[in-house]
Amino acid sequence: MIRRPVAVGGVAVLTALALALAACSADAGGLGPATTSGTPTADPPSSGASASSGPSPSTEPAPTGWGPTEADLTAARTAVAQLSVEELAGQVVVASYRGTDPQDAADLVVRHSLAGVILMADNVVDGEQVAATAAAVQDAVTAGGRDWPGVVAVDQEGGRVERIGEPVTPLPTFMTHGAAASSPVTTAVTRAAGRELRHLGVTVVLAPVADVTTGPDDPTIGSRAASDDPALVADVVTAAVAGYLEAGVVPVAKHYPGHGSVPADSHVTLPAQTMSADELAARDLVPFAAAAQAGVPAVMMSHLDVRAWDPGVPASLSAAAYTALRERTGFAGVAVTDALDMAAVTAETGPGQAAVRALAAGADLLLMPADPAAAVDAVAAAVRSGELPRERVEEAAARVVALLTWQGRQAPPDPESLELTAPVVHALSLVGTTVVDGPCSGPLVGDAVQVVGGTAQDRARFTAAAQAGGLQVGSGDVVRLLGGPTSSGSGDVVVALDAPYGLAGSSAATARLALYGRTPAAFAALVDVLRGQGRAGGRLPVEVAGLPRSACRP
């Protein structure tokens, strides 16, 4: 059930609400990494380091700028130097797997000495099963003699990219944050969302999206991006990173150098990025540089053919791309590949070769090789033959181990703090909801409405929220839901549920709104606005032809 704030209206009040909720639950989270001036870099580890049973939590204050301390890195280098070639190869791989049995995930980790696993939708039954899977993975890591946690990762961006359902609170699209343009609200939401994931045993969240969308011609990212404005995306991403870090979960900013400006999907082909290096630096790289300076501990490398750097080679396999990541943004943390089972890589490269090439190029963590066993075996063979220097793999593994050591020190969330997530998420949707034309206050509909458009689930969720808010449903003012990013239509009130581009071709007797979400909380916020009990506080975070950014907010 959605817990709606009472008599809430206006950006200032909602920001205060988010800050109050954050303050009430501040004792439940860990501390994020300290940032440092300049560009911190890690020296490559030495395979001749002295023996140790593994890294231990450090009390030394010297930070790396991306989470662990320098002492953590030193201990991690010592630990990975003692690993066998097979163990070292496994420590830089995070695998996907089939099924929902927690033991299957644990067995995979044991069999190949993996860093951990990623949970996809078909690995998830419910919260209890996710927690059991996470616990089984950690038991497997411990049984393997490792003193640091394993990776239990999940794609949980919000919007259409969410792998875990109940009891995790569904989030609206990340574009909602761009519309809200409120760092306190964004941090409160990602802190709350991160705590829910931590409560289930998740250690790594593959979010936030740091891509800058180009608009309707962006087929892959769309509303997964906060905005088409690099500066706004940078602000949102840094606020999101802060929240996740405070929750004690490792965020991974993605998809470097920016997937929002290519006209193809790397799941199915190798997209070409034709911007010049200067154009990339001025636009797509801006949010990643901001995230790096804010202490983001991990960045995902995309499968893009960046013509200005390494023509014809996916960035995930390109030394030039990893060099750009570190030198152009100042990033010193863990470089994670995008899923290596995507067609942009697999069309030309086998799983073993892709793993070796990615590590040789500069990757630290290999995500979802098409065949995890083949990837581990190929890396081990390449180290033995000298094709891949052991020092390079140790450097990668040490970064991963140091970061996991940091994560393992974070205090678990107080279960009572999880009850605060729903109101904060509701506040986000209300702050983000945008009136592009129509009244800025007061009711937009009468006591009865009829809903059209959208999907069956959209209409059902709107109906539930409307009835809970005191509206009769079935007759009266027509509320038209636009389900797709470019859908259009007419009604008394027209509401875009995804990216707002379809509002340009729509007509409304009373108002056109952008909601950027189709969660129960988003529909509850919409009903608040329709009834005049909450004031929409957002601005369009992307350009929509012929429309102002907001009819109500400067």
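Mentor: A disulfide is a pair of cysteine sulfur atoms within 2.5 Å. This is a predicted model, where local features need pLDDT of at least 70, side-chain atom pairs count only at pLDDT 80 or more, and totals for chains, interfaces and linings use all residues. Residues are numbered from 1 along each chain as its sequence is written, and side-chain values use heavy atoms, with hydrogens and water left out.

Trainee: Which residues form the disulfide?

Mentor: The structure holds one disulfide. Its sulfur atoms are 2.0 Å apart, and the angle about the S-S bond is -95°, a left-handed link. The residues are Cys-440 and Cys-552.

Trainee: How many residues apart in sequence are the parts that the pair ties together?

Mentor: Helices (H or I, at least four residues) and strands (E, at least two) are DSSP runs, numbered from the N terminus. Cys-440 lies in the loop between β13 (434-437) and β14 (448-453), and Cys-552 in the segment after α18 (520-531). The parts tied together are therefore separated in sequence by 112 residues.

Trainee: What arc do the buried residues of helix α4 cover around the axis?

Mentor: Buried means under 20% relative accessible area, exposed over 50%, partly exposed in between (1.4 Å probe, protein chains only). In α4 (residues 102-112), the buried residues are Pro-102, Ala-105, Ala-106, Leu-108, Val-109 and His-112. They lie on the same side of α4 because their arc, taken from the directions from the helix axis to the C-beta atoms, is only 155°.

Trainee: Which residues are exposed on the other side of α4?

Mentor: The buried residues pack against α3, β1, β2, α5 and α14 (contact: heavy atoms within 4.5 Å). On the other side of α4, the exposed residues are Val-110 and Arg-111.
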